[in-house]
Amino acid sequence: MTELTIAIAKGRLQAETLDLLTSAGLVFSDQALSSRRLAIEDESGRFRLIFVKPADVPVYVERGIADCGIVGRDVLLESDANLLQPLSLNLGACRIVVAAKNEAGVRQSGMLKVATKYPHIAARHFGARGVAVDLIELSGSVELAAVLGLADCIVDLVETGKTLEENDLRVVDVITESSARVVVNRASYQLKAETVSQFIKSLEKTIRRRGEP
Amino acid sequence: MNVAAGFSFTGQEPGAIYFCMSELLSRMPTGMRYYSGAEARLRRMIETTLMSVFDGWSYEEITTPTVDYYSLFERGMGRSQAHHAFRFTDTDGRMLAIRPDVTSLVARAAATLFAERERPLRLCYAAPVFRQQPQSHAEWRRESTQIGGELLGAHTSAADMEVLAIVCEALERLDLDRDSSITLNDVDVFNGIAEQLALPAEARNEMRELIDTRNAADLECFLVPWSSAEESRSFAQLIQLSGKRNILNDARRIITNPRSQTALDRLERLWSVIESLQLTDCFEIDLGDVARLDYYTGLTFKIYVKGAGTRIGSGGRYDDLTASFGRAEAAVGFVLDLDGLTDLLMDRSHQPDLMPASMEASQPRGEKLSDLFAAARTKRARGERVLLNTNEVMP
């Protein structure tokens, strides 16, 4: 019987996450991994993985459909979900930044037009600085907004900075650092205490082992 | 015929007039819902069962106003909680709120209306509470019904234990005790530590937040400027675990300030009683449960049940609350979430004997309208369930 359901963020973090879980002792058949199924079980049958969009990980975990999840901190900051975050993993390290064509564009007073996939994070960042913003919520290719003048600046995730560079944008401000986190549903944390804490400990051991040279 | 604005008739058949309402009338505000059929019956049975448990422990039912001054809830719950209430102004310009919480209203009644009554006071209620903003994404309801009890005027461990015993019995009656976990903590464990570290208010809130989300790694880093590395490390580990008596033993080794020690003593006393009653399967000690700290002054607990993704109830000791209403006294209480319990029990295949099969209905007959109703009243007088045929046109 499945003891623990774990929500995995598809995309950017997916391969690294599966790699980590495998190092931590979970075994998945190649057949399961290569299939297009959205829910797979490990060989022992104790763990079930479900693959969902990153922004949906906190949704599944908060409502207890998944007991745990592995997702970037950027997604958690944006979702404001009521979850436990017992472990930080050094996977998918990146930064959430304000980027613009030049600094002058962001220093102007009055109203700042900000294009982003992260409206909450952007609103909080500029709100704390007393800057009035017109938030333009986009779902992709956010850089283009600053290039074409839809917005004065963008708030976006930056891993290597290459996309920014190629589009002649520069980082004006770093809002926060982000990396993958393990999140746990509050009820599961109590009702499946032993299984959850074993799972977290095994991940913790794995990342510590990897951290050693 | 007068047709109200917003209705437009589209059907013509007599007796079956179809009309579509404007979207404004058909749409429900978020977080509101209807109950009907089996769900409504189950909900009523749960309420009756729980209220009978309170009655069994000599708790008297109290019905509070639905609307009261906003300032009452602000004093009672604290601003951060109270501002979630639906608010509007009275004719004299004072701010009113639709009850977001029952405990504040009970505490005020105890301090005023029942000031002269003998202590302790035992009061219970089943009442809907309203929030303009839901508590979290998963707790999406803006109207939810709380079934709760408050024991006022007693500061003893016996009072704390009485409340826990009632929670246990309530879960047993609903056949949920084997799938439940009641997590215990005492806010003074945290308060003592914050005091010892001499944390300024902002740092204190940050520390609470880190503990609340069990973010051990960040907590350890956070504590480094305030205490030794070893202490930080062991404390960060402590809040990650919930467990039985072993948690208390571990805590005693790490936490040495007198305020926290006294809190640990209190928890230990309760735990010994729980052990002697053989109820340890239902309980956990969880020193990481520090949410909504400002409200409580001693014991706090949360109730989780398998199958529900969020907690199904919570409670604790709030000795300072009644002072806001002019009479300081000890108090402890808890609430259970009727809507959460209804969802949970509806989902379970083995619905307990909460819902007795309803009686078969019989159809009274009569040639004339007067005969029909005479027959119906006779059957009702015998306690039978009747179902009238009201479609027939009768002389």
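**Notebook: a predicted two-chain model**

I began with one residue pair: B:Tyr69 stands opposite B:Leu96 in E6(B). I note at the outset that I am reading a predicted model.

**Entry 1. The sheet around this pair**

I looked up how the strands are joined here. E4(B) and strand E6 (residues 95–98) of chain B run antiparallel and are joined by three bridges. I then asked in which order the strands of the sheet lie. The order is E4-E6-E5 in chain B, an open sheet of three strands with antiparallel pairing. Strand E4 (67–69) and strand E5 (87–89) of chain B are the edge strands, each of which pairs on one side only. I also recorded the turn between neighbouring strands of this sheet, which is 35° on average when direction is ignored. As a general reminder, I wrote down that strands of a sheet pair through backbone hydrogen bonds, either parallel or antiparallel.

**Entry 2. Two helices of chain B**

Next I examined helix H2 (residues 37–56) and helix H6 (residues 157–173) of chain B, whose axes come within 10 Å and cross at roughly 145°. I looked up the hand of the crossing of H2(B) and H6(B), and found it to be right-handed. Which residues make the contact? From H2(B) I listed B:Thr49, B:Leu50 and B:Val53. From H6(B) I listed B:Ile166, B:Glu169, B:Ala170 and B:Arg173. By class, the residues of the contact of H2(B) with H6(B) are four nonpolar, one polar and two charged.

**Entry 3. Chain B as a whole**

I then turned to the whole of chain B, which has 14 helices and 16 strands. Its C-alpha atoms fill a box of roughly 90 × 50 × 45 Å along the principal axes. Chain B has 395 residues, and 37% of them count as buried. Of the contacts in chain B with a separation of 6 or more, I found that 66% are accounted for by residues 24 or more positions apart. The domain assignment gives chain B a domain 1 (37–347) and a domain 2 (359–395). I looked up the distance between the C-alpha centres of domain 1 and domain 2 of chain B, and it is 51 Å.

**Entry 4. Chain A as a whole**

For chain A I recorded 10 helices and 11 strands. The C-alpha trace of chain A spans about 60 × 35 × 35 Å along its principal axes. Of its 213 residues, 40% count as buried. Among the contacts in chain A between residues at least 6 apart in sequence, 67% join residues at least 24 apart.

I next consulted the domain assignment of chain A, which gives domain 1 (4–92 + 179–211) and domain 2 (94–177). The C-alpha centres of domain 1 and domain 2 of chain A lie 30 Å apart. How many residues does each domain of chain A give to the contact? Domain 1 of chain A gives six residues and domain 2 of chain A gives seven residues. On the side of domain 1 of chain A that touches domain 2 of chain A, I noted one nonpolar, two polar and three charged residues.

**Entry 5. Where the chains meet**

Last, I looked up the contact between the two chains. Here 17 residues of chain A are in contact with 20 residues of chain B. Which elements give two or more residues to the side of chain B that touches chain A? They are strand E9 (180–186) and helix H9 (216–223) of chain B. I closed the entry with the classes on the side of chain B that touches chain A: six residues are nonpolar, 10 are polar and four are charged.

Methods: Residues numbered from 1 in each chain as written. Chains lettered and ligands numbered in written order. Predicted model: local features only at pLDDT ≥ 70, side-chain atom pairs only at ≥ 80, totals over all residues. Helix = DSSP H or I, 4+ residues; strand = E, 2+ residues; numbered from the N terminus. Nonpolar A, V, L, I, M, F, W, Y, C, P; charged D, E, K, R; others polar. Axes fitted to C-alpha atoms, helices over the stretch in contact; angles between N-to-C directions. Left-handed = near helix turned anticlockwise from the far one by under 90°. Pairing = 2+ DSSP bridges. Domains from an automatic or database assignment. Buried ≥ 20, exposed ≤ 12 C-beta atoms within 10 Å, placed from the backbone.
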